[in-house]
Amino acid sequence: MSKAKKVFFPLLLILSIFSLSLSPNLSTTAKADNSQNIGVVIGNEAKELINTTLSGIEKGEIKNVAPVSAFDLEKSSVYTVGGGVTVVTVPVHGEYSLPSNVTVFFDEDDTVLQTNEMLVTKNEAGNFRVETYLNGSVVKSVDTDRPYITDEEMLAEEPVNSGIQPNGIGAVAGCLGAVLGIGGTAAYIIAVACGGSCAVPTPVTAPICAACIGAYAVIGAGGIAGAVACFNYL
């Protein structure tokens, strides 16, 4: 694959991902039908790709901001998205909160196409700050104005009701809570972090959306298409 394709293909692919939905019933080696499903990769194939990710980071082939010590490799998600591209999403913890992740895109030769990170932390104001990165460089940094709570408190929250009518971030968060089955804080963080970029993804904003795909995987969500549709409330 040429250098130009390596730069632009992932972005174009991300733009097309939002018509897809995760299918947990595909086999280990199943390749996704671009018009229908993202294929989940499990078993030894997934482990090899996770090890490839770790090796790439250790060798400096993958540019990352979060330290490897924060990686929760055992809870990584691996899936195919069509066009010979495979995605590895690794949750990151430690000083980082849900839904922080490192998401790496590989081509069919296991060559790194790009690396996206969403890192959620507590800022000096006591709120959640969300930063997204592309290949180690910051793309977006925002104070959510949402008071910080622990991961345990976040996971203990009841799923948000989707019956929110007005447009805006609150409506997006309510929709995400219903689609992904997550509480208000996690839903709000994703809504704020991804809203302006995922409503109508472009080659400029697609890197942020790529990190959002990782966030859905970290939360354990399967309905990418449904989650992205929530941004229509903006």
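Two strands count as a pair here if DSSP finds at least two bridges between them. With that in hand, the strands of this predicted model can be followed one partner at a time. Strand β4 and strand β5, which covers residues 97-106, run antiparallel and are joined by six bridges. One spot to look for in this pairing is T86, which sits opposite F106 of β5. The hairpin that β4 and β5 make has five residues between the strands, and G94 in this hairpin takes a positive phi near 70°.

Strand β4 also has a partner in β3, which spans residues 77-82. These two strands run antiparallel as well, and five bridges hold the pairing together on paper. Here S77 faces T89 of β4. The hairpin of β3 and β4 has two residues between its strands, and G83 shows a positive phi near 65°.

So how buried is β4? Every position counts: seven of the seven residues in 85-91 are buried, so the strand is largely enclosed by the rest of the structure. In a regular strand the side chains alternate between the two faces of the sheet. For β4, both of these faces are covered. On one side the buried residues are V85, V87, T89 and P91, and on the other they are T86, V88 and V90. The neighbouring pairing partner β3 is mostly covered too, with five of its six residues buried.

From β5, the pairing goes on to β6, residues 112-122. Seven bridges join β5 to β6, and the two run antiparallel. To find the register by eye, look for V104, which stands opposite T115 in β6. Strand β6 is itself mostly covered, since nine of its 11 residues are buried. Its other antiparallel partner listed here is β7 (residues 127-134), again with seven bridges between the two. In that pairing T121 stands opposite R129 of β7. Between β6 and β7 the hairpin has four residues, and G126 takes a positive phi near 85°.

A few backbone details are worth a second look. Most residues other than glycine have a negative phi, and most peptide bonds are trans. Against that background, D110 stands out with a positive phi of about 60°, although it is not a glycine. Where does D110 sit? It is found in the loop between β5 and β6, and these two strands form a hairpin with five residues between them. At 40% relative accessibility, D110 counts as partly exposed. D145 is another non-glycine residue with a positive phi, this time of about 65°. Rather than a loop, the place of D145 is strand β8, residues 137-147. D145 counts as exposed, because its relative accessibility is 59% and the cut-off for exposed is over 50%. The peptide bond from L98 to P99 is cis, with omega near 0°. P99 belongs to strand β5.

The β5-β6 loop turns up again on the surface. D109 is found in this loop and, at 56% relative accessibility, counts as exposed. D109 and D110 gather with E48 and E108 in a patch of negative charge on the surface.

Two last residues link parts of the chain that are well separated in sequence. K63 lies in the loop between α2 (43-58) and β3, and at 49% relative accessibility it counts as partly exposed. The C-alpha atoms of K63 and Y133 are separated by 9.7 Å, with their positions 70 residues apart along the chain. Buried or exposed: which word fits C230? C230 is buried, with a relative accessible area of 0%. Its place is in the segment after α7 (224-229). The C-alpha atom of C230 is 8.5 Å from that of V179, and the two residues are 51 apart along the chain.

Definitions and conventions
Residues are numbered from 1 along each chain as its sequence is written. This is a predicted model: local features need pLDDT of at least 70, side-chain atom pairs count only at pLDDT 80 or more; totals for chains, interfaces and linings use all residues. Side-chain values use heavy atoms; hydrogens and water are left out. Buried means under 20% relative accessible area, exposed over 50%, partly exposed in between (1.4 Å probe, protein chains only). Patches are made of residues with over 30% relative accessible area and no salt bridge: like charges are joined within 9 Å, nonpolar side chains (Val, Leu, Ile, Met, Phe, Trp, Tyr) within 5 Å. Accessible areas come from the Shrake-Rupley method with a 1.4 Å probe; for residues, only the protein chains shown count as cover. A salt bridge is a side-chain nitrogen of Lys or Arg within 4 Å of a carboxyl oxygen of Asp or Glu. Lys and Arg count as positive and Asp and Glu as negative; His and the chain ends are not counted. The place of a charge is taken as NZ of Lys, CZ of Arg, CG of Asp or CD of Glu.
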